[in-house]
Amino acid sequence: TASAAGEDPEALGKERLALSSALSDLQNAATGSFASAFAALVLCPTELVKCRLQTMYEMETSGKIAQSRKEASPGTNSSTVWSVVKSILRKDGPLGFYHGLSSTLLREVPGYFFFFQGCELSRSFLHQGDEKMNWVRITALYSGLKPTIIRAFPANGALFLAHEYSKKLMMNQFETY
């Protein structure tokens, strides 16, 4: 920790705030966007494994994977995290984990730019003016929270019902071809 290293955590927080304030909102958004490129290097392998597992699950449940594949190696389960990792390493080597990196970057870099831009603009907006005005601004952010929460339950229920029905309908359509 910072205090174990002999540094005051409060002083470090003030230093970070001063550094953040020295940059414009646009520059802070750009730094967040730049940092997301490095986050994508961590996200890409985990998302690749997750997507392959999801695809294998959907193919197994719809019967698209031939039974001979399962019978060819009895007693093995080809849809575990470790089996997918081994398959990627065997087929493509360590760089195989970065299939899809370009699309991950296309999603993460602009997404985080707008995320950090929104955070910085909100912070700038909330830190200007007097204390009473800041309280009014903060409470204004929550003024519609109760109706939104009440509406969320039936709306999300309908959304998931429609999603599941659509998925079932599409799977039935694909099975007929």
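Contact here means heavy atoms within 4.5 Å. By this criterion, in the predicted model, Leu23 touches Asn28 and Thr31, leaving aside residues up to four places away in sequence. Leu23 lies in the loop between helix H1 (9-22) and H2. With a relative accessible area of 31%, Leu23 is partly exposed, because the partly exposed class runs between the limits of 20% and 50%.

The protein chain as a whole contains 7 helices and 0 strands. Read from the N terminus, the order of elements is α-α-α-α-α-α-α. Of the 177 residues in the chain, 16% count as buried. The chain exposes about 13500 Å², and carbon and sulfur atoms supply 67% of that area. Among contacts between residues at least 6 apart in sequence, 70% join residues at least 24 apart.

The interior was examined next. The largest nonpolar core consists of 8 residues, namely Leu48, Val49, Leu53, Met56, Val84, Val85, Ile88 and Phe97. At least two residues of this core come from helix H2 (25-62), and at least two from helix H4 (81-92). H2 gives the most to the core, with 4 residues. One of the core residues is Leu53. When residues up to four places away in sequence are not counted, Leu53 touches Ser79, Thr80, Val81 and Val84. Val84 is itself a member of the core.

Polar residues also occur in buried positions. Ser36 is found in helix H2 and counts as buried, at 3% relative accessibility. The side chain of Ser36 reaches the backbone oxygen of Ser33 at 2.5 Å. Beyond residues up to four places away in sequence, Ser36 touches Glu108, Val109 and Tyr112. Glu108 likewise falls in the buried class, with a relative accessibility of 9%. Another acidic residue, Glu120, lies in helix H5 (residues 101-126). The relative accessible area of Glu120 is 10%, so this residue is buried. The side chain of Glu120 is joined to that of Asn28 by a polar contact of 3.3 Å. Asn28 is also one of the residues touched by Leu23.

Charged pairs were then considered. The count comes to 4 salt bridges. In one of them, the side chains of Arg107 and Glu47 meet with an N to O distance of 3.1 Å. Arg107 belongs to helix H5 and Glu47 to helix H2, so this pair ties together parts that are 60 residues apart in sequence. Both partners are partly exposed: Arg107 has a relative accessibility of 42%, and Glu47 has a relative accessible area of 21%. Arg107 also forms a salt bridge with Glu108, in which the closest N and O atoms are 2.7 Å apart. Salt bridges that share partners join Glu47, Arg107 and Glu108 into one network. Within this network, Glu108 is buried, whereas Arg107 is partly exposed.

A further salt bridge is formed by the side chains of Glu58 and Lys167, at 3.8 Å from N to O. This pair links distant parts of the chain, with Glu58 in helix H2 and Lys167 in helix H7, 109 residues apart. Glu58 is partly exposed, with a relative accessible area of 27%. Lys167 also counts as partly exposed, at 32% relative accessibility.

On the surface, a nonpolar patch is formed by Ile138, Leu141, Tyr142, Leu145, Ile149 and Phe153, which together have about 660 Å² of accessible area. Helix H6 (131-141) and helix H7 (145-175) are the elements that give two or more residues to this patch. H7 provides the largest share, 3 residues. Phe153 is among the patch residues and lies in helix H7. At 66% relative accessibility, Phe153 counts as exposed, because the exposed class begins over 50%. Helix H7 thus holds both patch residue Phe153 and Lys167, the salt-bridge partner of Glu58.

Key:
Residues numbered from 1 in each chain as written. Predicted model: local features only at pLDDT ≥ 70, side-chain atom pairs only at ≥ 80, totals over all residues. Heavy atoms only, no water. Core = buried A, V, L, I, M, F, W, Y, C linked by side-chain atoms within 4.5 Å. Buried < 20%, exposed > 50% of the residue type's maximum accessible area, 1.4 Å probe, protein only. Patch = residues over 30% accessible without salt bridge, like charges linked within 9 Å, V, L, I, M, F, W, Y side chains within 5 Å. Areas by Shrake-Rupley, 256 points an atom, 1.4 Å probe, with all protein chains shown as cover. Polar contact = N/O pair within 3.5 Å; in protein donor to acceptor, adjacent residues only side chain to side chain.
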